[in-house]
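Trainee: I am new to this structure and should like to work through it by question and answer. May we begin with the terms that the discussion requires?

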Amino acid sequence: MDKIEGARALAAGGNHRAALQLLRELATPEGPPYRSRLALAELYRELGCPDQAGRWGIISEGWTTEYEQDRLARLLAASGVPRQSTREFLRVPRDVEDPADLQAVIASVPTYRARFGPRWDWNPIVLPGGWAARLTRAAAKWLLYLAVAAAIVAMIGVFQQALTGGGDALGWALGGSFFFVALLGASSIAYGVSRSAVRRIWSGFTFAGLGVALLALVIAAAPA
């Protein structure tokens, strides 16, 4: 039994979440003939999720229904996905041209976007090809890794000072805490910017605000 059949068996047994997760992992990097993508779209169709069925099935010309295409257009509009990030959002391979069905969906998005709020139409940090989102998301990830590394180094230092009877354990703990919180704050700000770059404005402001608060805490607690 291959993985697609395994996912179908999971769905038949009522474990839809595991089936969807497995098929998404297979479908995301997949190229033609899109067996995993269409299996995922079929499962979403069976579960009554036409927007997601359209999202994963639109790559195959003629597969999606008009209703699924309409719901996909609404999803793109409501999600605030900019035109230049549509292919990335839909996981369309770079060397594949937009199918006619997808072109029709993209053409109908502005009509629905006007309903969901023109306030999303302007965003100064959106760059062609979604570069702002990708770069800031990568920065957020690596800053988070550095924060975890700082915490680990600090713990090792505290443990070593405790074993050797050194008197600088508190210094290691405080220094590690400062670096951890500062890097965590910077990571949160970068992630907030990445969310705003794909027009997830509220979540972007939330993460960025949290990051600013953490950095302000570090500055306020820093010794004079």
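Mentor: Certainly. A residue is called buried under 20% relative accessible area, exposed over 50%, and partly exposed in between. Please bear in mind that this is a predicted model.

Trainee: Is D70 buried, partly exposed or exposed?

Mentor: The relative accessibility of D70 is 22%. Buried requires a value under 20%, and exposed a value over 50%. D70 therefore counts as partly exposed.

Trainee: With which residue does the side chain of D70 meet in a salt bridge?

Mentor: A salt bridge requires a side-chain nitrogen of Lys or Arg within 4 Å of a carboxyl oxygen of Asp or Glu. For D70 the N to O distance is 3.9 Å. The partner has a relative accessible area of 29% and is partly exposed. That partner is R71.

Trainee: How many salt bridges does a search of the whole structure find?

Mentor: The pair of R71 and D70 meets in a salt bridge, and so does the pair of E88 and R137, at 3.5 Å from N to O. For the whole structure, the search finds eight.

Trainee: How many residues apart in sequence are the parts that E88 and R137 tie together?

Mentor: The side chains of E88 and R137 meet in a salt bridge. E88 lies in helix α6 and R137 in helix α8 (residues 131-164), so this pair ties together parts of the chain whose separation in sequence is 49 residues.

Trainee: In which helix do E5 and R8 both lie?

Mentor: The side chains of E5 and R8 meet in a salt bridge, at 2.8 Å from N to O. E5, at 34% relative accessibility, counts as partly exposed, and R8 counts as partly exposed at 38%. The two are three residues apart, about one turn of the helix, and both lie in α1 (residues 3-12).

Trainee: Which residue is linked with E5 and R8 in a network of salt bridges?

Mentor: E5 and R8 meet in a salt bridge of their own. They also belong to a network of salt bridges, in which the residue linked with them is E42.

Trainee: Turning to helix α4, which helices do its buried residues pack against?

Mentor: Helix α4 (residues 50-57) is mostly covered, with seven of its eight residues buried. The buried residues are P50, Q52, A53, G54, R55, W56 and G57. They pack against α2 (16-27), α3 (35-46), α5 (66-79) and α6 (86-89).

Methods. Residues are numbered from 1 along each chain as its sequence is written. This is a predicted model: local features need pLDDT of at least 70, side-chain atom pairs count only at pLDDT 80 or more; totals for chains, interfaces and linings use all residues. Side-chain values use heavy atoms; hydrogens and water are left out. Buried means under 20% relative accessible area, exposed over 50%, partly exposed in between (1.4 Å probe, protein chains only). Helices (H or I, at least four residues) and strands (E, at least two) are DSSP runs, numbered from the N terminus. Contact means heavy atoms within 4.5 Å.
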